[in-house]
Amino acid sequence: MNMKYIIANWKSNKNKGQVVRWLEEFESDHFSEMIKEDREIIIAPAMPSIAVVAEHLNDQSKHPRTALAVQDISPFSAGSYTGAVSVVNLEGFGVQYAILGHSERRDHFGESDQDVANKVSQCVEAGITPIVCIDEDYLISQASAIDDKFLSKCIVAYEPLSAIGTGEEMNPEKVVLVGQEIKQYFDGARFIYGGSVDPGNVSDYLEICDGVLVGGASLKVEEFKRLI
Ligand code: PGA
């Protein structure tokens with residue numbers, strides 16, 4: 001089955017109460033049972049809410065096709081790295097995916113291609129699937145920094161800067177072209193799109209790639225359910 005990923009990236013939004021209310025509302029009306037078999041819904045909360053989301057998702061009878069992601073990870077393993085969250089810290093929470101190298105991390109936290117590459121290694125070795133965000137400007141430098149043997153293990157998200165949080169989604173024909181280019185450098189990787197995806201345009205993207213990374217439209221649970 002050709003799985004389609006629908007990823008909710010909440011960024012630094014939501015306190016604990018808001019996370020619980022979102023999850024309860026998500027679970028209402030037996031919604032999970034209506035999700036198509038070839039969809040995987042991935043929720044990426046801020047780090048302090050990982051445990052809350054994990055607890056809800058652990059009841060697989062309610063969430064047969066919903067998985068947990070983090071929005072970042074330390075480039076180092078466990079050790080003396082104050083403030084960092086390593087793959088070891090995540091053991092036991094059922095984290096299956098990690099969003100890596102989002103442009104907001106590159107811009108605001110100075111993350112380099114090599115940092116992202118180190119994070120990819122940490123994740124793959126811990127059995128976590130990396131979702132590597134790229135824009136065309138750093139596609140080649142990012143792919144070159146990643147260990148060759150890990151390239152096919154990545155899900156690559158084409159995230160054009162012009163489309164993130166702007167309401168100006170990228171033309172699907174352009175997404176197809178960039179997808180072909182990505183596949184030249186990330187041989188065997190799956191390819192998704194992110195940038196102003198909403199309930200009105202999501203089907204255009206699901207037709208041409210393996211999934212979508214959703215920011216703004218994942219924050220309100222009703223809108224996210226409509227999108228799914
Ligand atoms: P957006 O964010 O859906 O709000 O444009 C996408 C992203 O940052 O991945």
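Two strands count as paired if DSSP finds at least two bridges between them. The model discussed here is a predicted one.

Q: Which residue in β5 stands opposite Ile 99?
A: Strand β5 covers residues 129-134 and runs parallel to β4, with four bridges joining the two. Within this pair, the residue of β5 that stands opposite Ile 99 is Ile 131.

Q: Which residue in β4 stands opposite Leu 68?
A: β4 (95-100) also pairs with β3 (66-70). That pairing is parallel and has three bridges. Opposite Leu 68, on the β4 side, stands Val 95.

Q: How many of the six residues of β4 are buried?
A: Buried here means a relative accessible area under 20%. β4 is largely enclosed by the rest of the structure, because the number of its six residues that are buried is five.

Q: In what order do the eight strands close into a barrel?
A: The pairings of β4 with β3 and with β5 belong to a parallel arrangement of eight strands. Those strands close into a barrel in the order β1-β2-β3-β4-β5-β6-β7-β8.

Q: By what angle are neighbouring strands of this sheet turned against each other on average?
A: The eight strands of the barrel pair in parallel. With direction ignored, the average turn between neighbouring strands of this sheet is 25°.

Q: Which residue in β7 stands opposite Ile 155?
A: Strand β6 takes in residues 155-158, and strand β7 takes in residues 190-194. They pair in the parallel sense over four bridges. Opposite Ile 155, in β7, stands Arg 190.

Q: Why is helix α2 largely enclosed by the rest of the structure, and what covers its buried residues?
A: Helix α2 (residues 50-57) is largely enclosed because six of its eight residues are buried. The buried residues are Ile 50, Val 52, Val 53, Ala 54, His 56 and Leu 57. Their cover includes α1 (16-27), β2 (39-44), β3 and β4 (95-100).

Q: Is Ser 74 buried or exposed?
A: Ser 74 is found in the loop between β3 (66-70) and α3 (87-90). Leaving aside neighbours within four places in sequence, Ser 74 is in contact with Ala 84, Val 85, Ser 86, Lys 119 and Gln 122. Its relative accessibility is 4%, so Ser 74 counts as buried.

Q: Which residue's backbone nitrogen does the side chain of Ser 74 reach?
A: A polar contact takes a pair of N or O atoms within 3.5 Å. The side chain of Ser 74 reaches a backbone nitrogen at 3.0 Å, and that nitrogen belongs to Phe 76.

Q: Is Glu 37 buried or exposed?
A: Glu 37 lies in the loop between α1 and β2. Apart from neighbours within four places in sequence, Glu 37 is in contact with Met 1, Met 3 and Arg 65. The threshold for exposed is over 50% relative accessible area. Glu 37 has 57%, so it is exposed.

Q: What separates the C-alpha atoms of Glu 37 and Lys 4?
A: Glu 37 and Lys 4 are 33 residues apart along the chain. The separation of their C-alpha atoms is 9.5 Å.

Q: Which helix gives the most to the lining of the largest pocket?
A: The largest pocket has a volume of about 530 Å³. Of the 25 residues that line it, the closest to its centre are Gln 71, Asp 72, Arg 105, Phe 109 and Glu 111. α4 (103-109) and α5 (113-125) each supply at least two lining residues. The element that gives the most, with four residues, is α4.

How values were computed:
Residues numbered from 1 in each chain as written. Predicted model: local features only at pLDDT ≥ 70, side-chain atom pairs only at ≥ 80, totals over all residues. Heavy atoms only, no water. Axes fitted to C-alpha atoms, helices over the stretch in contact; angles between N-to-C directions. Buried < 20%, exposed > 50% of the residue type's maximum accessible area, 1.4 Å probe, protein only. Polar contact = N/O pair within 3.5 Å; in protein donor to acceptor, adjacent residues only side chain to side chain. Contact = heavy atoms within 4.5 Å. 1 Å grid on protein atoms, 1.4 Å probe; cavity = no way out; pocket = protein on both sides within 12 Å on 5 of 7 lines; lining within 4 Å. Points joined across faces, edges and corners; volume = space filled by probe spheres on them.
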